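Visitor: I have a protein model open on my screen and I'm new to this. Could you show me how to read it?

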Amino acid sequence: MSTRIKSGGRLIDRTRKVSFTFNGSRLSGFSGDTLASALLGSGQTLMGRSFKYHRPRGVVGAGSEEPNALMGLGQGPTFEPNQRATTAELHDGLQAESQNHWPSLSIDVGVVNAALSRFFPAGFYYKTFMAPRAAWKHVFEPVIRKTAGLGKAPTEADADRYEHFYAYADVLVIGAGMAGLQAALEAGRAGARVLLVEQTPHLGGRLLSDEVEIDEETSDAWLSRTIAELQALPNVEIRTRLMGAGVYDHGYVTGYERLTDHMSDHMPGGEGPRHRLWRIRADRIVTATGAMERPLAFAGNDVPGVMLAAALRDYVALYGVTAGDRTVIVTNNDDAYRTAIALKRAGLEVPVILDTRDAAIGPLPRQARDLGIRVELGKGIATVKGGKKVEAVEICSQAGEGSVLETIPCDAVAMSGGWSPVVHLWSHCGGKLVWDTDQSHFRPDPDRPPTGHDGAGFVLTAGAASGALHAADTMPDAVAAGRRAARELGFTPSDTTAPTANAEAEEPLQPVWMMPAGASYKLRSKAFLDFQNDVKVSDVQLAAREGFESVEHAKRYTTLGMATDQGKLSNINGLAVLADSLGTTIPQVGTTTFRPPYTPISMGSIAGAARGPLFKPLRKSPMDDWHDANGAVWEPVADWRRPYTYLREGEAQHEAVHREIRNTRGNVGVLDASTLGKIVVQGPDAAKFLDLIYTNMMSSLKPGRCRYGLMCTENGFLFDDGVVVRLAEDKFLCHTTSGGSDRVHAWMEEWLQTEWWALDVYTANVTEQYAQIAVVGPKARQLLESLGGMDLSREGLSFMGMAEGDLAGIPARVFRISFSGELSYEVAVPACYGRALWDLLMQHGAPLGVMPYGTEALHVMRAEKGFIMIGDETDGTVTPHDLALGWAVSKKKQDFIGKRALERPDLIRPDRKQLVGLATQDPATVLPDGAHAVAGSNEYGGPKTIGHVTSTYYSPTLDRSIAMALIEGGANRMGEVLEFPVDSQTVIRATIVDPVFYDKAGERQDV
Amino acid sequence: MLRLTCPYCGVTGEETEFHPGGEAHLTRSGPGATDEAFRDYLFQRRNPRGVHFERWHHQYGCGKWFHAARCTLTLEVFGTYTAQTAVIPEHIIDAIQSRRPDWRPEA
């Protein structure tokens, strides 16, 4: 059983006890512990259940590669699933719960999956859920939902704050082990601006566990001297708890900093952010990310108590915790002997070292033998005995098929299959790998780095991340990387002798991808490659047999490497098994793609501050406060909010809308139209330019006059509309839709800059510089005249005219335009006067019965008049002619945007969908928006759609329902009755009519 | 995430500061163009593995459109230049050929 040993543990403070809960039970550890070390120290070897078979699982590693010990941490608004116990720092009050079990960790019903494992082979999902269909709803889905998935999703909103942070460095060094520290020092001494980041809270990496002699000093002495020198350099910044998450084009790097997860007194949402996403630009990136130990694939390699050899000695050295009293070592290399030696020196039993090689003659094996440890050569593990914990191992010949030679009781197993460089960050942006036959791993190919804006490689690797695993090689590699990064940026690095690092020499490893080499199916189907997704040797072999030869296909079919650990431990072993099954080599199989982030990062850090009201800034008109205080029901319109209607007490929304319409048509209404886009186009060639932008002729417009204009794309489809006002010979004001102002302005600029740059024209988007109020209704003139200052009589300002002057002392432009069919003025004033004018209109209009009206009343009134709305009657496939707006398309102009397209045969077909009005046979029935008209049958025998409803309302003016629709050949179907099936029982019938429902002669607006 | 330099304002900025506008140096086909020429103008685009000319807009900067010559394979940027030109400037061709000696501009 795992336990805390009496001494040791350089990272923990035994005088400071920390209490925490695990699955509701109160446990304790020490300050400096990780959750994993505290659980091991409390005797809790069982830490979770596996994903598919619900097998009992314990911790395998001691760092970010951990696949098994995933926990839900926190509670309610701070709950977060799938957190690795190995990287979660212990603090007082930490609440942890294990995952994937029901009803409890030690008694789990899902374990039945394991008994049925023959029925859950690779590709299980693809095979099983093909048929029968009914089983999906009643069997598969309920069962899968109950048992599948890793952690539980949080149920409450995240209470914490997050932020983004931008940084720049000449040289960014990722990883602060021996190599990272030395590389940073070399670049820093040369004068480069260096940022050194380390994902753990501690600098030193493996030096904290494994003693190395550097320049005749202890590694501890070297560490403190080096850190002190780095800290003294003003151009070097060191950040811990900051993981290099992803490397992207041109030296862009994301970093994930965890600021408060280790604190017991952190108040969620309090002073500082919980996580910070660093967005770094670096001219050179040195990845000193070290290497990861590989597991070995033997039967029962997932039983709690089987761990990576280096992790086992990390727990002893860093936390004074051991996985068991009797640990069997199984290895194909010398490095694992360090674990045997460390355990023995800590007073623990190592009954045997099983070394697959035929000889072990290096200094480390010698030391182990000298300590009296039994070493068995050419041996491996046939199977691990035990369920929820290791009880014994059965040993066998590695070369054989697994006949048991001896059973050795033990309570822990340390395995080592060799080391793989952490190449993720090198590979994210296209760095290529080579297969290193001697060390049996992929390592970065220094000749094929990711390239930056100047075509030069911008990522360098240092130390074990380069494949320089042994300390004696790590140091010179790191020195070279740090100096090269500085030199490439124009700094002059020192050329003094590099430090030398000494550790025990190591003999070559023997590649072992399956243990024993001739393992039976029974053994292979218990030999796990991917612990987190429960992928076994037998699954990968099956995938290969079924034809999934590409590594990317095999990955998706078996789910190897697809869990939250992204196959950090399983990839190379899986590739090797696949290569063996296909009768090819590992480099020919290749790797799957490495994608950022390196380990999962919180959703909060990605969002940063962009949450709630900051997610998307809201645009408000100058009269927004008034609307808000006077019953506005808000409606989002592009980035704006606009009043949909102004609700009075006791009113339903539709009643309010009808009241506003009746009052506007009978008295006078005012509308806040400030959101309309307003673009000034000015210059000697302004008229010529607008002739190209609009389908209409704008050059013939007289100063002081207004014209409704249409814009098409080059495809000939309607894109925006609005009233154009000629303010002067060389100056136009173009109104756009509320949502279209930025788009139209950008569109104009694009054409001006990239196609018609010879034109002398300037544009400015002045949308927010003006407040605009529509004063509408029979008493509109009376109301405006009561303000005084301008002649707004029929003669003084005729329909489609513009006047400038002062209204009640406010500088104003008045446009006599109408979107409702009533006598109507739109008054534009500088934005700062908007509220003042609004208040004056409400005050002077009170005796006339003035009421504000909202966007819904606006919509109904324009539909009563058959006016189209961009986005309702258009959808990017509709031409002006489809909407009977051919009168607004100039035939005289030689060119305008969309002209060539409008000549295409398809755009002049007579049976295109065309705008019609609809009168339902039952005047009380309002058609649903988007309802389809059907006639006859289509090629599949179903009803054929011949068009759809684009706008539909109840008109209080006409006291009946009205609608507009786009119907095939609609222009020639006047009087036809169409059928709109709206559900399985109901068909609504409507007659095609003129879309202008009200005041067809247009008499009301021209008075 | 590319780093680009706007040739108008001189700012070297993050890709998020800019907006891509597709292939550069297209010739507009307007009224009178054949169906084929008009189709090609609207829809046919090059997608080379290697040297490519693109339009970019300094959207969150000076608001100007410019062209960038870059390698789609290595992400190398050979240079940026004004959008108000119908031909690739000499200095851009030189910059490309200094790194890609075999490369020739298309006729």
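Guide: Let's go through some features together, with the general idea before each case.

Guide: First, the ground rules. This is a predicted model, where local features need pLDDT of at least 70, side-chain atom pairs count only at pLDDT 80 or more, and totals for chains, interfaces and linings use all residues. Residues are numbered from 1 along each chain as its sequence is written, chains are lettered from A and ligands numbered from 1 in the order in which they are written, and side-chain values use heavy atoms, leaving out hydrogens and water.

Visitor: How many helices and strands does chain B have?

Guide: Helices (H or I, at least four residues) and strands (E, at least two) are DSSP runs, numbered from the N terminus. Chain B has 2 helices and 6 strands, and along the sequence they follow the pattern β-β-β-α-β-β-β-α. Its C-alpha atoms fill a box of roughly 40 × 35 × 25 Å, taken along the principal axes.

Visitor: And what share of the residues of chain B count as buried?

Guide: Buried means under 20% relative accessible area, exposed is over 50%, and partly exposed is in between (1.4 Å probe, protein chains only). In chain B, 43% of the 107 residues count as buried.

Visitor: What span does helix H11 of chain A reach?

Guide: The expected span of a helix is 1.5 Å times one less than its number of residues. H11(A) covers residues 471-488, which makes 18 residues, and reaches 26 Å from its first C-alpha to its last, close to the 26 Å expected.

Visitor: Which residues of H11(A) are buried?

Guide: An α-helix has 3.6 residues a turn, so residues three or four places apart point the same way. Now the case here: the buried residues of H11(A) include Ala471(A), Thr474(A), Met475(A), Ala478(A) and Val479(A). Just after H11(A), look for Gly490(A), with a positive phi of about 95°.

Visitor: How many salt bridges are there over all chains?

Guide: A salt bridge is a side-chain nitrogen of Lys or Arg within 4 Å of a carboxyl oxygen of Asp or Glu. By this rule there are 69 over all chains. Take Arg4(A) and Asp33(A), whose closest N and O atoms are 2.6 Å apart. Arg4(A) lies in strand E1 and Asp33(A) in the loop between strand E3 and helix H1 of chain A, so the pair ties together parts 29 residues apart in sequence. Arg4(A) and Asp33(A) are both buried.

Visitor: Is Glu229(A), in its salt bridge with Arg189(A), buried or partly exposed?

Guide: Glu229(A) counts as partly exposed because its relative accessibility is 26%. Arg189(A) is partly exposed too, at 40%. In this bridge the closest N and O atoms are 2.7 Å apart. Glu229(A) sits in helix H6 and Arg189(A) in helix H5 of chain A, 40 residues apart.

Visitor: Which residue forms a salt bridge with Arg338(A)?

Guide: That's Glu506(A), with the closest N and O atoms 2.9 Å apart. Arg338(A) lies in helix H8 and Glu506(A) in the loop between strand E30 and helix H12 of chain A, so the pair ties together parts 168 residues apart in sequence. Arg338(A) is buried, at 13% relative accessible area, whereas Glu506(A) is partly exposed, at 34%. Both belong to a network of salt bridges, with Arg206(A), Asp210(A) and Arg313(A) also among its members.

Visitor: Last one: how far apart in space are Lys731(A) and Asp445(A)?

Guide: From C-alpha to C-alpha they are 62 Å apart, with their positions 286 residues apart in sequence numbering. Lys731(A) is found in strand E39 of chain A and is partly exposed, with a relative accessible area of 25%.
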